[in-house]
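Visitor: Could you take me on a close look at how the helices pack in this model? I would enjoy one connected walk through it, with the surroundings filled in afterwards.

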Amino acid sequence: MVIRASDRSSVRPATPGPESGLPVTVRDVRVSFPTRGGGRLVALDEFSMEVPAGSVTALIGPNGCGKSTALRVIAGLLTPDRGTVELDGGAAPHPGDGRVGLVFQQPRLIPWLSTIDNVALPLTLARVAPDERRTRAAEALSRVGLAAAVQARPRELSGGMAQRAALARALVSDPPLLLLDEPFSALDALTREAFDSELQVLWMERPLTVLLVTHAVSEAVRLADRIVVLTSRPGRAATIVPVNLPRPRPVALAGDPQAAAIEAQVRDALAEVRPAELVSWTEGVA
Amino acid sequence: MPGRWRRPLASLASLAAFLVAWKVVTVLTGTPDYILPAPEVVVDRGVRAISSGILWPHLTATLAEVVLGFGAGALAAVAVGLALGKSVVVERALSPYIVAAQAIPILALAPLLDIWFGGGLAARVLVCALIVFFPIAIATMVGIRSTDPQLTELLRSLGATRGDLISRLEIPSALPVIFGGLRVGVTLAVVGAVVAEWAGASTGLGVLINIANQGLFDTPLMFVALVWLAAIGLVFHGLVVAAERRLVADR
């Protein structure tokens, strides 16, 4: 299902959000979790970063570096031990305030609700009137090209369609900030590429601030304006790599020498921060 | 044969086979009616019991006990099961009493409840409710605990209240398991009704069995009561299954 920007000019939501999204500032955040042994595991420490208004920022780092933890702190799902998160210079988002759209690695659709009821869930929980939430959920579904699957049950959707529905659910309350937690890692390569292309169209149509957590370097280069590389645990922003490539970026970006140079830069940064156990076993042989 | 008739035909065929087998046994063994009456003798006795009017007070009494006892027991069980499922502290505090109450045979408890609650309908409803309670409470607890934590996190991220979580996620996701408990519970309600009637009552199908047995040696009438008990169990079980189909199947 390919969607073109021109198809959707008439489905702007009734209440448009801020024109270019809102900036996020994270300052000196520390997050730790209790361990079984009674100690504390420090997931993030001295973690600071900026997500400029209207930009797409990718957060990349080795497994277990606290990428998802950082996203949960910014979403207001997790209170840090220390440090602050500011949305547009003010208070951090908190659950239910409609200022954040969140897409997880799994679609997390409620199995007994139709697609449209799943997409309308944020509005239902915000006690929006039934008529208005149906209209807005239908709009969100057509924005992600799922207008035909309104009444389908989640089990009838393919993996890619289910993840689109999850994206529509994140967009339905028209948040100024969209947080994506490895949203494509469960999809096959082709579906992923199509998804990447459509996301870009979506962002060009109505810019919003996006933070994308990923461990795929090529995906980060294709989608992001800036790539923030995290150190291994405890996570801290080590390097920021700007991606100044024109949009929309094609699938065959890997052939572009400029893109290849950026990818190499990110990989080098990642190689520096990788945890000891990931050092190749051949290096110790010679 | 059109597919939609297959299932009712299978039910009818098995009923017919059962009746034929019953009849064959009575004929081959020559068993007298006061030990094992033939099916047509029971049917004849049932028709007379209805037309003479002796069946109705007993049937309605048992029906009232089953409906009220199952309703009250199921409601209480879902509420308590929800609390058990949501809170480990509540489970630790309450489950010994719930298990102990279940371990004491209801047969031994019924006379006591009859004394405490004045031997009226309330006492018999309580026995029904008690016997129904355990399977439904445990099923609800297990169902609530099996809620997908990823969906819980999703709802929390959307600002769901405690009430939202219970009504929009936990109860609906536990529903298939709760219905398993309800199916067990509804048949136990019939057992509870008869036990309660034996502990002290003047009407009810359990009482009718005692009357037929002790005073009259009217074994066909005992069978009539047994058939009605089975029918009540089947009908209510069928209602629970129908409700389950409406609420759960569409997933």
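Guide: Happy to; we start with one helix pair and then turn to the cores and the contact between the chains. Please keep in mind that this is a predicted model.

The pair to look at is in chain B, where helix 6 (residues 121–145) packs against helix 8 (residues 162–199). Their axes lie 7 Å apart and make an angle of about 155°. Angles over 145 degrees count as roughly antiparallel, so helix 6 of chain B is roughly antiparallel to helix 8 of chain B. The crossing of helix 6 of chain B with helix 8 of chain B is right-handed. Sorted by class, the contact of these two helices of chain B holds 22 nonpolar residues, along with six polar and three charged ones.

Now for the cores. The largest nonpolar core has 82 residues, and Ala168(A), Leu179(A), Leu212(A) and Val266(A) are those with the most contacts inside it. Helix 5 (residues 159–171) of chain A gives the most to this core, namely eight residues. If you centre your view on Leu179(A), you will find that it touches, among others, Leu71(A), Ile74(A), Val100(A) and Leu211(A). A second core, separate from that one, has 59 residues, including Val132(B) and Trp228(B).

Finally, the two chains meet in a contact that takes 15 residues from chain A and eleven residues from chain B. On the side of chain A that touches chain B, helix 3 (residues 121–125) of chain A gives the most, with three residues. That side of chain A has ten nonpolar, two polar and three charged residues.

Note on methods. Residues are numbered from 1 along each chain as its sequence is written. Chains are lettered from A and ligands numbered from 1 in the order in which they are written. This is a predicted model: local features need pLDDT of at least 70, side-chain atom pairs count only at pLDDT 80 or more; totals for chains, interfaces and linings use all residues. Axes are lines fitted to C-alpha atoms, for helices over the stretch in contact, and angles run from 0 to 180 degrees between N-to-C directions. Helices (H or I, at least four residues) and strands (E, at least two) are DSSP runs, numbered from the N terminus. Angles under 35 degrees count as roughly parallel, over 145 as roughly antiparallel, 65 to 115 as roughly perpendicular and the rest as oblique. A crossing is left-handed if the near helix is turned anticlockwise from the far one by less than a right angle, and right-handed if clockwise. Ala, Val, Leu, Ile, Met, Phe, Trp, Tyr, Cys and Pro count as nonpolar, Asp, Glu, Lys and Arg as charged, and the others, Gly among them, as polar. A nonpolar core is a set of buried Ala, Val, Leu, Ile, Met, Phe, Trp, Tyr and Cys residues joined through C-beta atoms within 7 Å. A residue is buried if 20 or more other C-beta atoms lie within 10 Å of its own, exposed if 12 or fewer, and partly exposed in between; C-beta atoms are placed from the backbone. Two residues are in contact if their C-beta atoms, placed from the backbone, lie within 7 Å. Lists of a residue's contacts leave out its neighbours within four places in sequence.
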